[in-house]
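Please open the model in your viewer and keep the sequence panel beside it. We will go from stop to stop, selecting a few residues each time.

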Amino acid sequence: MTISKKSKYLLKLGMIIKNMKPFYSYNMFSNCNSLEKLTLPKSLTNRITKMDYMFFQCHSLKTIELKNFVSETTEDMRYMFANMNQLINLDITKFKIKEGCKINCMFSNCTEELKEKIKKQNSKIPELAFI
């Protein structure tokens, strides 16, 4: 059985993510235009305090799996999902935004359909995140 270059890359990326201990994820996946789907492990997200621009301008990303996403320790989520015009699957029902967390423009320039879906999933996200 042969493994494609893309699969090898994804396996390597998965190992890197699994073993790293980030504190800031600023621009972590920014402009990763070849990504279409991404699942982040809880072991990664529970150590991050700054997630600003994390997925900024990932134009090909359609699905982000955030079931185990830990957001209670995050202090900055500005522009986290901004300019993602292909994003259609994002479940943030378990998102808990810490008081004082910067969230302006979190979903800036995303489709109106996605913004409405997010507002229905989690009504606690302030309007400031959608500007």
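Colour the chain by pLDDT, the predictor's confidence in each residue, from 0 to 100. Confidence is lowest in helix α1 (residues 5–19), with a mean of 61, and highest in helix α3 (residues 112–121), at 91. The chain averages 82, and 80% of the residues score at least 70.

A word on the ground rules: this is a predicted model, in which local features need pLDDT of at least 70 and side-chain atom pairs count only at pLDDT 80 or more, while totals for chains, interfaces and linings use all residues. Residues are numbered from 1 along each chain as its sequence is written, and side-chain values use heavy atoms, with hydrogens and water left out.

**The overall layout**

Switch to a cartoon view. You should find three helices and three strands, running α-β-α-β-β-α from the N terminus. Here helices (H or I, at least four residues) and strands (E, at least two) are DSSP runs, numbered from the N terminus. Of the 131 residues, 40% count as buried; buried means under 20% relative accessible area, exposed over 50%, and partly exposed in between (1.4 Å probe, protein chains only).

**The sheet**

Now select the strands. They form an open sheet in the order β1-β2-β3, with parallel pairing. Its edge strands are β1 (37–39) and β3, each pairing on one side only. Two strands pair if DSSP finds at least two bridges between them, and two bridges join β2 to β3. Show Ile 64 as sticks and look across to Leu 90 in β3, which stands opposite.

**Asn 83**

Next, select Asn 83, in the loop between β2 (63–65) and β3 (89–90). Is Asn 83 buried or exposed? Asn 83 counts as buried because its relative accessibility is 16%. Leaving aside residues up to four places away in sequence, Asn 83 touches Phe 56, Gln 57, Cys 58, His 59, Ser 108 and Asn 109; a contact means heavy atoms within 4.5 Å. Add Asn 109 to the view: a polar contact of 2.8 Å joins the two side chains. Such a contact is a pair of N or O atoms within 3.5 Å; within protein, one must be able to donate a hydrogen and the other to accept it, and residues adjacent in sequence count only if both atoms are side-chain atoms.

**The salt bridges**

Side chains of opposite charge can pair when their charged atoms come close. A salt bridge is a side-chain nitrogen of Lys or Arg within 4 Å of a carboxyl oxygen of Asp or Glu. How many salt bridges does a search of the whole structure find? The search finds seven.

Select Glu 72 and Lys 96, whose side chains meet in a salt bridge at 3.9 Å, N to O. This pair links distant parts of the chain, 24 residues apart: Glu 72 lies in the loop between β2 and β3, and Lys 96 in the loop between β3 and α3.

Move on to Lys 98 and Glu 75, another salt bridge at 3.9 Å, N to O. Lys 98 is partly exposed at 36% relative accessibility, and Glu 75 is partly exposed at 38%.

Finish in helix α3 with Lys 115 and Glu 112, whose closest N and O atoms are 3.7 Å apart in a salt bridge. They are separated by about one helical turn because they sit three residues apart in the helix. Lys 115 is buried at 9% relative accessibility, whereas Glu 112 is exposed at 53%.
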